[in-house]
Amino acid sequence: MCMSIFSALVKADKTGDPAPTPGFSKLTCSEAEHAISGNLCRCTGYRPILDTCKSFAADVDLEDLGLNSFWKKGTDPADIDKLPEYSSGAVCTFPEFLKSEIKGQMKDAPVVNAGEDGWYHPKSIEELHTLFDSDWFDENSVKIVASNTGAGVYKDPDLYKKYINIKGIPELSVIDRSNKGVEIGAAVSISKAIEIFSDGTPVFRKIASHLSKVASPFIRNMGTIGGNVIMAQRLPFASDIVTVLLAAGSTVTIQTASKMLCLTLEEFLEQPPCDAKTILLTIFVPDWGSDNIIFETSRAAPRPFGNAVSYVNSAFLARTSGVAASEGLIIEDICLAFGAYGVDHATRARKVEEFLKGKSVSAPVILEAVQLLKDVVSPSEGTTHPEYRVSLAVSFLFSFLSALGNNLNSPNGSCANGPEKHIKVANDDLPIRSRQELVFNDEYKPVGKPITKSGAELQASGEAVYVDDIPAPKDCLYGAFIYSTHPHAHIKSVNFRSSLASERVITVISAKDIPAGGKNVGSGWAMLGHEALFGDPVSEFAGQNIGIVIAETQKYAYMAAKQAIIEYSTENLEPPILTIEDAIQHDSYIPVLPVFAPQPIGDFDQGMSEADHKILSGEVKLESQYYFYMETQTALAIPDEDNCITVYVSTQLPEITQNVVADLLGIPYHNVRIISRRVGGGFGGKGMKGTHAACACALAAFKLRRPVRMYLDRKTDMIMAGGRHPMKAKYSVGFKSDGTLTALHVDLGINAGIAPDLSPLIPAYTIASLKKYNWGALAFDIKLCKTNMSSKSVVRAPGDVQGSFIAEAIIEHVASVLGSDTNVVRRKNLHSIESLTKFYSDSAGDAPTYSLVDIFDKLASSPEYQSRAEAVERFNGGSRWKKRGISCVPITYEVTLRPTPGKVSILNDGSIAVEVGGVEIGQGLYTKVKQMTAFGLGELCPDADKLLDKVRVIQADSLSIIQGGFTGGSTTSESSCEAVRQACTVLVKRLKPIKEGLEAKSGAPVPWSTLIAQANMASVNLSAHAFWTPDPAFVKYINYGAAVSEVEIDVLTGGTTILRSDLVYDCGQSLNPAVDLGQVEGAFVQGVGFFTNEDYATNADGLVVNDGTWTYKIPTVDTIPKQFNVEFINSARDQKRVLSSKASGEPPLLLAASVHCAMREAIRAARKEFKANSPLTFQMDVPATMADVKELCGLDVVERHLQSLTSAAASAAVKA
């Protein structure tokens, strides 16, 4: 993020734009947004990062910055003086002396002979061919690179002995403009190419515009245009650049081993894949001028700008004649290029081109062209969403041709039933705005103040030390998992193919290396059961660890693991069980202990008998979601004397990790020390799943008596992670004619995977959130299915997000059957305090704390909401190809308080060290604990801020704080704070008599340092430990919130833009409003990913196939709400809670269902327009990807529309 905005600032400063207001840069807000569009963040929801970037911009609206929420209002409004001043001259750039040194090294770099690092740097094509002709050249062990960004898509299959860097060859960096066109060297960066094309004719500018949506700014700055083209020629690479250049009539110059050739780009693509010695030299793009030339490009991708490969891309160039306003333009010549739809490379639709030449564009002509195109665009077998991709190609052609015709209701122009004036500015380019309304409380200061997150400066500067940042100990080795690709098979053998990487293998650790007395365990909890570390002798799911490669570097270990050849046998084994349906058929279940099982409410049969209407068979499915923490699973194990071992690990469960490692090694728990300073994102994934890496490193280190560390690559992490529980719910519901619910029965199947993990808790969590409405009576049959899949684990808001969404799906179904407004049905069935107590028992709390009805009314019953809903109706009435929807969703979220330890120690200099059982995973735990410590000791030191600076929360250590429990469930922060407050109370009791005695003698307040010095002299114990246990009568409480989201869908592509989201959340008396705001925004955006684009897909064997950033798309800056508003309300005080605070980490994720529900409303509007006979009640599962949205709107909407126009024209002709 920092480098992205830095790069944008430097680029802006170099422009010739007028000087900005002092203290700001030349950067614009729009440029700031685009600068970080390819960056990923799972924690913040991007809004605070975006605000920070925009604060540099000269055109920023200070009132629109989120940090303005924490400035005092009224007498102290937003002021630029509160922002750090920016000065371009003061920006730290790469030192000149280092630049000179590097240039000198490059100048002296060897050509014919490699340097010590194995790199060659030819300075000409001739020198390059000298290297090719060398005896040592072997394309399997030598890699030719310019920037090597392609390695992000196609990972290296093996190690390389040598590298040849061709970036320094002048012939590859040529830029030649002429009246004929532009010739660009293959090694020119994509960013430079954009710059060149931007200063040109309309065709060139369109090319530049499209290229600016490819990859992300930092990839474009490095990646070369030639590298992109050559990769598309050699591999099935879905290149946008090639498609655009193909349509523009580009030619390429290549150098083979024997000659130089000039080919059209189409000819080049059709050739067999180039060998390693064939070099792409230049690309020439002709200048088409602007007279009678129309050039358009299109792409459909999960993100508009945020580094996402297209489902389909296209580029069309046409030479026309005639006048559009009369009979329409005549197409003299045309080129139609399509790519990324499931073919090896971009192709031209020549049959369609030939058909269109010489024709005037009309509805019948477009319809016939579309029919021809559907025969031309044929995705290859195995391509995902093939029908959707064909439909996209049709949509792109329709959009282009409609603009050339007359009165054809072009998607890019106006339609007969109302002008689409709203679409002049693409929603993708709308600026992101936000508003935060927070309530501050000084009663317990510094608790309640929005102080800066502890460690923020260290994290922002890159100085924070995570597990993988710990310097490698002497003789350290590295590990990587070898995993099964078969869901149920005997492991006969594991060997390695002959390769450079396999030569680096030191050893392979497997189940046979578990010490005598140890157990094959990788995770587990005593009450629920364990999961094996190794699949031995049978692999029980695809992705299961069957061995650990040990090598001298992490890269060697990664590469060596790829060389593993596993021999399987399925003899005498049953076929794998992979789905919920399979598990139910085979009675394959994981037991749920009665203590964890949810209980039914009321009499279902009686409730159904009271119903005026019944839905007897409804269904909804929810798929999985990957955690996508920034730091993958990682651990470092260091063996010690006397069979002891220390493991530094990224974990949410230090205590359980300690237990499992000890059980694995067969040693006492006190021989294992687990240390976790901070975690680079958890979301539940650093819980049970995190212990596997710790166990693997510990076992290898214990056996080899050397330190061993492991940092999983993203692919392995995604394959082994398990993720969120897929669910399938079938329901029967009864209701009155006025919408009052009388009874609900749910048959719920949950795919738990192979081992229990924490899955037995999921049924109760799911039902808890489902109970947010008064169903009258509630019954259910829940099957926790055991399958041959990676065991599913808790992911932020586990079970609750599924249960809450299932409730919304049922409510929407009921409203649809009744023909009622969904919000009316929602409001009618919100709980009264009496029904809340019936459904939630003691968790319901006292009546004044029940805030959901007020929150929902504040949003859904407001005049603003009614006005917006009417505006949506008007928009839909005047827009054929874009439809909007708006929805308001309430949530309840039950959380559990847990026993938690805390320790506060005051050192001789007055500084304070604090230990808690919880781990800092980015949620601000340590920040709130610091505040609580200063508050707890505040009676001894009136200056709380000064005391705050003396507090340090130290790392979690399983031998220092026992019974630490786990970090999760959203209540770790408040529980830890209460434990610390109790410890502080003990210290205050000890120190207060000394303080009073000193004050009595001096008659003045006693300085903190004097008090501590005197206490030391008096041998007062300055360390206090507390173990807080919640009141048995108040172990659980409920969180409330609601959200309104408004979306716009593109009927032609299925793309969704979230125009606005308004969140109102009851945060109680917030312990830190800034931290809680970050939690609310981050959770909501993570939920948006779950409900929309995050497709954690597997193959037929259950092996994850969307296993990296190339295929798995979390939200980015360009997919969050364009207007993102958050408001906290402070509900009635409740002294049973910790200083009346409430949880904020997980509940807001459920609010993202409002986006899904708004999408359903928009789709319903599209179905009304295009599918008159189709039902307006339809099943819409999770996630609702672009392909799903398009399919629900209708894959054939273009054909339907054209047929209606053709029929209307024919009828008019007959009447005439």
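**Exercise 1. The surroundings of helix α3**

What covers the buried residues of α3? Identify the elements in this predicted model, after establishing which residues of α3 are buried.

*Solution.* Start with the helix itself, which spans residues 47–54 and is mostly covered, since six of its eight residues are buried. The buried positions are Arg47, Ile49, Leu50, Asp51, Cys53 and Lys54, a list in which charged side chains stand beside nonpolar ones. Then turn to the covering elements, which include α1 (2–13), α2 (29–35), β13 (433–437), α32 and β38 (1123–1129).

**Exercise 2. A buried aspartate in helix α32**

Determine whether Asp1076 is buried or exposed, and describe which residues it touches.

*Solution.* Asp1076 is placed in helix α32, which runs over residues 1073–1091. Because its relative accessibility is 1%, and buried means under 20%, Asp1076 counts as buried. When residues up to four places away in sequence are not counted, Asp1076 touches Lys928, Cys1067, Ser1070, Leu1071, Phe1128 and Ser1144. Two of these partners can be described further. With Lys928, the side chain of Asp1076 makes a polar contact of 2.7 Å. Ser1144 lies 68 residues from Asp1076 along the chain, yet the C-alpha atoms of the two are separated by 5.8 Å.

**Exercise 3. A buried arginine without a salt bridge**

Find the nearest side chain of opposite charge to Arg220, and then state which backbone oxygen the side chain of Arg220 reaches.

*Solution.* Arg220 is found in helix α8, residues 217–222. This arginine is buried yet has no salt bridge, and the nearest side chain of opposite charge belongs to Asp1118, 9.2 Å away. A salt bridge would need a nitrogen-to-oxygen separation within 4 Å. The side chain of Arg220 does, however, reach the backbone oxygen of Val214 at 2.8 Å. Leaving aside neighbours within four places in sequence, the contacts of Arg220 are Ser189, Ile190, Ser191, Ile194, Leu211, Ser212, Lys213, Val214 and Ala215.

**Exercise 4. Three salt bridges in their settings**

The structure holds 51 salt bridges. For the pairs Arg673 and Asp957, Glu999 and Lys995, and Glu1161 and Arg1164, work out where the partners lie and how accessible they are.

*Solution.*

1. Arg673 and Asp957 meet through their side chains at 2.5 Å, N to O. This pair links distant parts of the chain, with Arg673 in strand β25 (residues 672–676) and Asp957 in strand β34 (residues 956–957), 284 residues apart. Arg673 counts as partly exposed because its relative accessibility is 33%, whereas Asp957, at 10%, counts as buried.

2. Glu999 and Lys995 form a salt bridge of 2.7 Å, N to O. Both lie in helix α30 (residues 972–1002), and their spacing of four residues is about one turn of the helix. Glu999 is partly exposed, with a relative accessible area of 24%, while Lys995 counts as buried at 12% relative accessibility.

3. Glu1161 and Arg1164 meet at 2.9 Å, N to O. Because they are three residues apart in helix α33 (residues 1153–1170), about one helical turn separates them. Here Glu1161 is partly exposed, with a relative accessible area of 23%, and Arg1164, at 12% relative accessibility, counts as buried. A separate listing of shared partners shows Lys772, Glu808, Glu812, Arg826 and Arg1160 joined by salt bridges into one network.

The spacing in the second and third pairs can be read against a general rule. An α-helix has 3.6 residues a turn, so residues three or four places apart point the same way.

**Exercise 5. The nonpolar cores**

Which residues have the most contacts inside the largest nonpolar core, and which helix gives the largest share of this core?

*Solution.* The largest nonpolar core has 228 residues, and those with the most contacts inside it are Leu356, Leu401 and Trp775. Its largest share, eleven residues, comes from helix α14 (residues 386–404). The core also draws at least three residues from each of domain 1 (1–82) and domain 3 (830–895 + 1033–1184). To look at one member in detail, take Leu401, which touches Ile331, Ile334, Leu356, Val361, Ile366 and Ala369 when residues up to four places away in sequence are not counted. Apart from this core lies another, of 46 residues, including Ile184, Val203, Ile241 and Leu265.

Key. Residues are numbered from 1 along each chain as its sequence is written. This is a predicted model: local features need pLDDT of at least 70, side-chain atom pairs count only at pLDDT 80 or more; totals for chains, interfaces and linings use all residues. Side-chain values use heavy atoms; hydrogens and water are left out. A nonpolar core is a set of buried Ala, Val, Leu, Ile, Met, Phe, Trp, Tyr and Cys residues joined through side-chain atoms within 4.5 Å. Buried means under 20% relative accessible area, exposed over 50%, partly exposed in between (1.4 Å probe, protein chains only). Helices (H or I, at least four residues) and strands (E, at least two) are DSSP runs, numbered from the N terminus. Domain bounds come from an automatic or database domain assignment. Contact means heavy atoms within 4.5 Å. A polar contact is a pair of N or O atoms within 3.5 Å; within protein, one must be able to donate a hydrogen and the other to accept it, and residues adjacent in sequence count only if both atoms are side-chain atoms.
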